[in-house]
Protein chains: 2
Amino acid sequence: MIDYKTINLGHGSGGLMTQNLLDAIIFKAFSNPYLDKKHDGAVVKIEGKIAISTDSFVVSPIFFRGGNIGELAVNGTVNDVAMCGAQPKYLSLAFIIEEGLLVEDFIKIVNSIKDTAETCGVQIITGDTKVVERGKGDQIFINTTGFGAVNPKGNIGAKNIKVGDKIIVNGSIAQHGMAIMSQREGLEFESTIVSDTTNLNFIANDLINEFGHGIHLFRDATRGGLASVLTEIASEIKKGVSIIETDLPLDRQVAAACEILGLDPLYVANEGVFITIVDQYIADEVVKWMQKDSKGKQAVCIGEITEAHPGKVVMTSTIGGKRIVSPMIGEQLPRIC
Amino acid sequence: MIDYKTINLGHGSGGLMTQNLLDAIIFKAFSNPYLDKKHDGAVVKIEGKIAISTDSFVVSPIFFRGGNIGELAVNGTVNDVAMCGAQPKYLSLAFIIEEGLLVEDFIKIVNSIKDTAETCGVQIITGDTKVVERGKGDQIFINTTGFGAVNPKGNIGAKNIKVGDKIIVNGSIAQHGMAIMSQREGLEFESTIVSDTTNLNFIANDLINEFGHGIHLFRDATRGGLASVLTEIASEIKKGVSIIETDLPLDRQVAAACEILGLDPLYVANEGVFITIVDQYIADEVVKWMQKDSKGKQAVCIGEITEAHPGKVVMTSTIGGKRIVSPMIGEQLPRIC
């Protein structure tokens, strides 16, 4: 039973108050045989190669149009594991709560984590809860670490990328960043843009099942946007990346918002956008296949890997000119995820 | 090259500034084939059952007598995995840095993580770095998630505990908590007490190799101290736990400090103390074996599992009386780990 309205330092003590918070909210939401043991760790079995990824989520505001920090914390890590060519199965979950967080907000976040985990098919198997004094945190930070078995039918890795490979993106870019930005204090700008946070694990795994070794790489375009992912890949593979600006899927409202604020949508964060680099001979088929999946309806080929300009991303602009897409330096917008 | 003295928001952007910070400090310190891929996740292989544990560390101050937040973040999670009867092998590492953290402090912490990970025999294989605005964090928070293979020779679990089993502790209690407390602002009290933070993975694993199924449980006595661990166990196994106050290993200086501050050392946090519950017939042998290990020099039997007072911990006091050891409610001292 919860007879308090806010979370305080005692809830991070490891004593009865912590136990009460965990029992009434966490264990109730996530009950499963691993977590129900209430130990400091969980024991699981995963066959074959295991992909692991960790992320801390510090997004502000914690509730935003289209999602909240809890949903983001599940989808973000699930997607990072999926981008390794693995099917995420288990998550650890660690909260750092600022004293004063409303219990009702915490419950909303936990329930959202529960629903999102169910959608993704992952179980929360171990966790941690810490509380810091007022002014030493910002409502709530969440770390998730995800684990899952690598799909043995796949062979995902930058080393497989060849000149001629096609670059396919699953959907419209820049939505998450613009959704957050439109809600930030002090920004005199309102919109109905919603975050694109979603789980990409099923579409990624199904792509491997369908196209096997024809799929060379997955990468989600989160912090730093599509530009950062592409410049990182170009630099890693020491080949060129060519993209066509007019082929980039970009919602009109998002494009307009970017223009108003002077932002380049290529650098704005996404949470449900990924690229896949595939063998050129199957690219059209992959695009058509993705368009039938709810997470890939707007799938489109946006470019290819080239011999020319190794290590660089070159974009053919709307009016036909070419420009180098530079890596982002700092960021226009902190705490986007 | 690092040409800045403090960490700022741009270092959490995911762009070139983040890359520079990671290359110059993180990748340099932890270089290994998993991390060098610089992907969002790592792929490993672990045979058999896998133990997983996560913890966020928010200790204040971040540097304290006997350790720092980095060392604690490695040892803490390594020990949680070890307490599952597993040998930790890999760690994920996620930082939440408050803008303004001195780069030299960050480097000290990273180097300490590196040294501690080497001591523990674990590799940092994936990570994350976020930066929050001044006043929205407290210098640095660290999450580590650890995993490793369960030792197949062992059978660690509260379900194995029988009436008559002996409870053995490896060393002096209450040191970590009192070391932190003596350094907190506003506490007019100085001492030379040092934290007991250390890694317990080798002693735990060796105990399993030596005594097999005779070892029934491991539990480290961190937040909430020895009392919290024992009361949790009693409540879980629905048997009694009896301990003898005079048998508890307690440093004189620590005892004196607790007395001055009116604290019960049973509830004060440890970072290098664990209990093991073992078959009564091997208890003496286990104690002698542990005393030969550097992490168990003060090992001693402090009590046993009883039919009487199920679910409760009863301590025979120095003067011969008996008292119930209650679960801790809140905490005397927040942010101890």
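How many bridges pair strand β8 (residues 166–169) of chain A with strand β12 (residues 300–306) of chain A, and is the sense parallel or antiparallel? The two strands pair over 4 bridges in the antiparallel sense.

The structure is a predicted model, in which local features need pLDDT of at least 70 and side-chain atom pairs count only at pLDDT 80 or more, while totals for chains, interfaces and linings use all residues. Residues are numbered from 1 along each chain as its sequence is written, chains are lettered from A and ligands numbered from 1 in the order in which they are written, and side-chain values use heavy atoms, with hydrogens and water left out.

**View 1. Strand β12 of chain A and its pairing with β8(A) and β10(A).** Strands are DSSP runs of E with at least two residues, and helices are runs of H or I with at least four, numbered from the N terminus. Two strands pair if DSSP finds at least two bridges between them. On the β8(A) side, A:Ile168 has A:Cys301 of β12(A) as its bridge partner. Strand β10 (residues 240–244) of chain A is joined to β12(A) by 4 bridges, and these strands run antiparallel. Here the bridge partner of A:Gly240 is A:Thr306 in β12(A).

**View 2. An open sheet of 5 strands with mixed pairing.** The strand order is β6(A)-β5(A)-β7(A)-β2(A)-β1(B). The edge strands, β6 (123–132) of chain A and β1 (42–45) of chain B, each pair on one side only. Neighbouring strands are turned by 20° against each other on average, direction ignored. Axes are lines fitted to C-alpha atoms, for helices over the stretch in contact, and angles run from 0 to 180 degrees between N-to-C directions. Helix α2 (residues 69–83) of chain A packs on this sheet and touches β2 (49–57), β5 and β7 of chain A. Contact means heavy atoms within 4.5 Å. The direction of helix α2 makes about 30° with that of β7(A). Within the sheet, β5 (residues 86–98) and β7 (residues 140–150) of chain A run antiparallel and are joined by 11 bridges. A:Leu91 has A:Gly146 of β7(A) as its bridge partner.

**View 3. Salt bridges between chains A and B.** A salt bridge is a side-chain nitrogen of Lys or Arg within 4 Å of a carboxyl oxygen of Asp or Glu. By this rule there are 32 over all chains. A:Lys136 and B:Asp138 meet at 4.0 Å, N to O. A:Lys136 is in the loop between β6 and β7 of chain A, and B:Asp138 is in the loop between β6 (123–132) and β7 (140–150) of chain B. Buried means under 20% relative accessible area, exposed over 50%, and partly exposed in between (1.4 Å probe, protein chains only). A:Lys136 is partly exposed at 31%, whereas B:Asp138 is buried at 13%. In a second pair, A:Arg335 meets B:Glu133 at 2.7 Å, N to O. A:Arg335 lies in the segment after β14 (322–325) of chain A, and B:Glu133 in the loop between β6 and β7 of chain B. A:Arg335 is buried at 5%, and B:Glu133 is partly exposed at 25%.

**View 4. A salt bridge within chain B, from B:Arg219 to B:Glu232.** The closest N and O atoms of the pair are 3.8 Å apart. B:Arg219 belongs to strand β9 (residues 215–220) and B:Glu232 to helix α6 (residues 225–237), 13 residues apart in the chain. B:Arg219 is buried at 7%, while B:Glu232 is partly exposed at 33%.

**View 5. A salt-bridge network.** The linked residues are A:Asp55, A:Arg223, B:Asp128 and B:Lys130.
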